[in-house]
Number of protein chains: 2
Amino acid sequence: MQDHYIGALDIGGTKIAAIVAGPEGPLARITAPTPKSGTRRALPEKAIELLQTACRQAGIPDDRIDSIGVASCGPFVLEDGLLALSTPNICGAGAKANDLPNDWKTVPLEQVLREKYSRVVIENDCVAALAGERAFGAVQDEPNCVYVTWSTGIGFGLCVDGRLLRGKHGNAGHAGHMLMNEQEDAVCGCGNRGDIESLISGRNLANRLNMTAANLFNAARDGRTDARQVAAEAAKWFGRTLYNLTATLDTRRFVIGGSVWVHHGEWLAPLVKAEVESRFPALTDGVTITPSGLGTMVTDIGALSLVLPDTWATHWRINTPWQKLMP
Amino acid sequence: MQDHYIGALDIGGTKIAAIVAGPEGPLARITAPTPKSGTRRALPEKAIELLQTACRQAGIPDDRIDSIGVASCGPFVLEDGLLALSTPNICGAGAKANDLPNDWKTVPLEQVLREKYSRVVIENDCVAALAGERAFGAVQDEPNCVYVTWSTGIGFGLCVDGRLLRGKHGNAGHAGHMLMNEQEDAVCGCGNRGDIESLISGRNLANRLNMTAANLFNAARDGRTDARQVAAEAAKWFGRTLYNLTATLDTRRFVIGGSVWVHHGEWLAPLVKAEVESRFPALTDGVTITPSGLGTMVTDIGALSLVLPDTWATHWRINTPWQKLMP
């Protein structure tokens, strides 16, 4: 029997996914709603329980897992040198305008996970996604690349000169909170007015025409004029965001994931590309936009890739074993 | 006689500075206007001539210099794998709204310098400045830091996780061309409307009250109401730019140089800091703003630091020998 396995967690504002994997690929994946009540330890304790359940489902003893990769929504703060979550849609204390059933200021994520696992690598979810795309997806050979998710929120994973960017507390890539248009009346969950997330995230677009973002983009694709106008305006802001990152980081390739792009990337891409290319050719020449190579599994595979042994990676690259777990 | 010296170039839109240095420190520094006519090789050939003159002035044979560090205004493009300048205020072809006396599309900077010197390290001027501040200045111990120059233009050098960022063509840090306020009627030299350089660079501020930027900031400091209002608005946009970079890179410390900050940083700093701190505390808590530790020599020292032997650096750090060359 193989004596070494790895685990991964994908921690979002709505749900947690737990995966266990061996050299041949992922063995089991289970999900549960993100705990938002109880003690500050409730969330990481639930995550450990999910990993243990996944082990049982895969038929492996859970003490064979010593390394876990964690992709989590942020921002993070450091507490005694360990990463804790201060995510506004999980932690009730200090969050603006919400009704979370807790008064957590932070969630001691790394501390609780380290009580159980000897090796814990935590990254922002988009940084992990980019690690996955770098290992197995659309940017295996491109040292200057950015992963973007356009979904309920807007998040980024950044890679410059072949290295993933982390920053002082692992929060590099929160460019969804970059200010872009003061005059807009859109307000972000973080309190900003006119940041890119307030302008085009699924959550905020849903308010414009009083329909879900999914319905809005479907209507726009099908030619409904008012929806088309809102979607085209959103694509323009998205393109400007990619331009701003290109000016800042000298990026060559953008990999786009998230529900908006998975369903509508094909017709949105030319609008976004036109906006990028309309600016400063010395910086934007040769910039390309490509869809995620790992689709709905990008964050899970990204989390696994944080602790994946090199010897397994070669095999995974050839056999793409995650496809059988695609939800 | 010491048999090894190094050279450095600081190439700007207005002037070129050339420096030669030995283990004890810089030995000579001379400047000349940036060539903007003649062949495409005129600029780097002039730079070599200046280095040779500096050698004569220092009393050393110019064949003792084999390594040069170059800090240059950008953007760069790659030509046959070598960095060339495509700077809008040097290269006449393709520049918007100017009257440069040449039709250069690019200047083959690295190619011409390599014909003469065996080791040539070229960085964007603000990247070089940050290298100087990392080696000898205000951020020797801070792995997540950004150098900003606020002067005729706005430029950035970026350091994340202890590494300077370069990007696909060495153009990381052109965040002065980040779009921030669509509604503004300010137009940048790059053609953008409402990027940060169009909003607050010295060149663009000078148009507001029909006086030089220097006079505008002096008048604001001395309490003239209309000037104070323009300067305070500029400080707000500058603060928003630092916030945008913090959200993107998770920066801890900003080091500010350039003529605006050298003369007015003391009273502008609280305005800028207030703007940064007004946003998303999980990202901005603990962010500090500090003036350049190398002042007017920052780019020159930065260029030297690109090729400085480690054994010299220790001595320089103790004796700060560049101070005797301060212009």
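This is a short chat about how chain B meets chain A in a predicted model, with a look at B:M211.

Trainee: What should I know before I start?

Mentor: The model is predicted, so local features need pLDDT of at least 70 and side-chain atom pairs count only at pLDDT 80 or more, while totals for chains, interfaces and linings use all residues. Residues are numbered from 1 along each chain as written, chains are lettered from A, and side-chain values use heavy atoms, leaving out hydrogens and water.

Trainee: How many residues does the contact take from each chain?

Mentor: Contact means heavy atoms within 4.5 Å. Here, chain B gives 49 residues and chain A gives 49 residues.

Trainee: And what is the area buried between chain B and chain A?

Mentor: Buried area is the accessible area (1.4 Å probe) that two parts lose on being put together, summed over both. For this pair that's about 4,000 Å², with carbon and sulfur atoms giving 53%. B:K168, B:L179 and B:F280 supply 19% of the area that chain B buries against chain A, more than any other three residues.

Trainee: How many salt bridges are there between the chains?

Mentor: A salt bridge puts a side-chain nitrogen of Lys or Arg within 4 Å of a carboxyl oxygen of Asp or Glu. The count between chain B and chain A is 2. One joins B:D250 to A:K168, with the closest N and O atoms 2.9 Å apart.

Trainee: Is B:M211 buried or exposed?

Mentor: Buried means under 20% relative accessible area, exposed over 50%, and partly exposed in between (1.4 Å probe, protein chains only). B:M211 has 16%, so B:M211 is buried. B:M211 touches B:A206, B:L216 and B:R224, leaving aside residues up to four places away in sequence.

How values were computed: Helix = DSSP H or I, 4+ residues; strand = E, 2+ residues; numbered from the N terminus.
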